[in-house]
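Got the model open in your viewer? Keep the selection tool handy and follow along stop by stop.

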Amino acid sequence: MEPDLKSLFAKHSQALQRLLTRKVRDPHLAADLVQESFLRLAEQRGKEPIENIPAYLYRTARNLMVDHSRQNQRRRTDLVPHEALHDIVEDAPSLEEQAVAAQ
């Protein structure tokens with residue numbers, strides 16, 4: 001018989017929280033990622049059996065951490081004003097200049 005979610009949380013949440021806090025350096029974000037990992041475990045358990053529940057939790061938490069990091073990177077690049085991008089000059093000739101040179 002599989003352990004219930006409450007006992008799994010009691011057994012694994014603190015270690016998972018410590019690991020994530022070391023990785024993301026934000027205890028509140030780490031707590032959110034731990035909770036989301038357990039929510040995903042709860043959703044998955046009704047579908048098909050999970051052979052290694054701790055591995056599933058750690059893999060899910062890692063994936064959530066990576067997704068969060070990617071979203072933050074995307075937000076940072078979205079904050080660059082479009083006018084700043086016009087100042088970036090490419091050293092290579094444009095496609096039009098390459099076509100004229102080829103003719």
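Here is the tour, from the whole chain down to single side chains.

**Before you click**

You're looking at a predicted model, where local features need pLDDT of at least 70, side-chain atom pairs count only at pLDDT 80 or more, and totals for chains, interfaces and linings use all residues. Residues are numbered from 1 along each chain as its sequence is written, and side-chain values use heavy atoms, with hydrogens and water left out.

**Stop 1: the whole chain**

Colour by secondary structure and you should find 5 helices and 0 strands, in the order α-α-α-α-α along the sequence. Helices here are DSSP runs of H or I with at least four residues, strands are runs of E with at least two, and both are numbered from the N terminus.

Now switch on a surface. The accessible surface comes to about 8400 Å², with 52% of that belonging to carbon and sulfur atoms; the area is from the Shrake-Rupley method with a 1.4 Å probe, and for residues only the protein chains shown count as cover. Of the 103 residues, 19% count as buried. Buried means under 20% relative accessible area, exposed means over 50%, and partly exposed is in between (1.4 Å probe, protein chains only).

If you like contact maps, draw one: among contacts between residues at least 6 apart in sequence, 56% join residues at least 24 apart. A contact means heavy atoms within 4.5 Å.

**Stop 2: helix H1 and its bend**

Select residues 5–24, which make up H1. The helix has 20 residues, but its end C-alpha atoms are only 25 Å apart, short of the 28 Å that a straight helix would reach at 1.5 Å a residue. That expected span is 1.5 Å times one less than the number of residues.

Where does H1 bend? Zoom in on His-12, where the bend is about 45°, taken as the angle between axes fitted to the seven residues ending there and the seven starting there. His-12 is buried, at 12% relative accessibility. Show what surrounds this side chain: leaving aside neighbours within four places in sequence, His-12 is in contact with Phe-38, Pro-54, Leu-57 and Tyr-58. Other buried residues of H1 include Leu-8, Ser-13, Leu-16 and Leu-20.

**Stop 3: Tyr-58, across from H1**

Hop over to Tyr-58 in helix H3. This tyrosine is partly exposed, at 32% relative accessibility. Beyond four places in sequence, Tyr-58 is in contact with His-12, Ala-15, Leu-16 and Leu-19. Try a distance label to Leu-19: the two are 39 residues apart in sequence and 9.3 Å apart in space, C-alpha to C-alpha.

**Stop 4: the end of H1**

Next, pick Lys-23, still in H1 and exposed at 54% relative accessibility. Its C-alpha atom is separated from that of Arg-62 by 9.5 Å, with their positions 39 residues apart along the chain.

Step on to Arg-25, in the loop between H1 and H2. Most residues other than glycine have a negative phi. Arg-25, though not a glycine, has a positive phi of about 60°. It is exposed, at 72% relative accessibility.

**Stop 5: the nonpolar core**

Which members of the largest nonpolar core touch the most other members? Select Leu-16, Leu-20, Leu-33, Phe-38, Leu-41, Ile-53 and Leu-57, out of 15 residues in that core. H1, H2 and H3 each supply at least two residues of this core, and the largest share, 6 residues, comes from H2. A nonpolar core is a set of buried Ala, Val, Leu, Ile, Met, Phe, Trp, Tyr and Cys residues joined through side-chain atoms within 4.5 Å.

Take Leu-33 as your sample: setting aside neighbours within four places in sequence, Leu-33 is in contact with Leu-20, Val-24, Leu-64 and Met-65.

**Stop 6: the salt bridge**

Side chains of opposite charge can pair when their charged atoms come close. The structure holds 1 salt bridge, meaning a side-chain nitrogen of Lys or Arg within 4 Å of a carboxyl oxygen of Asp or Glu. Select Glu-36 and Arg-40: their closest N and O atoms are 3.0 Å apart. Both lie in H2 (residues 27–45), 4 residues apart, about one turn of the helix. Glu-36 is partly exposed at 29% relative accessible area, and Arg-40 is partly exposed at 36%.

Finish on Thr-60, in H3 (residues 53–78). Thr-60 is buried, at 9% relative accessibility, and touches Ser-37 and Arg-40, not counting residues up to four places away in sequence.
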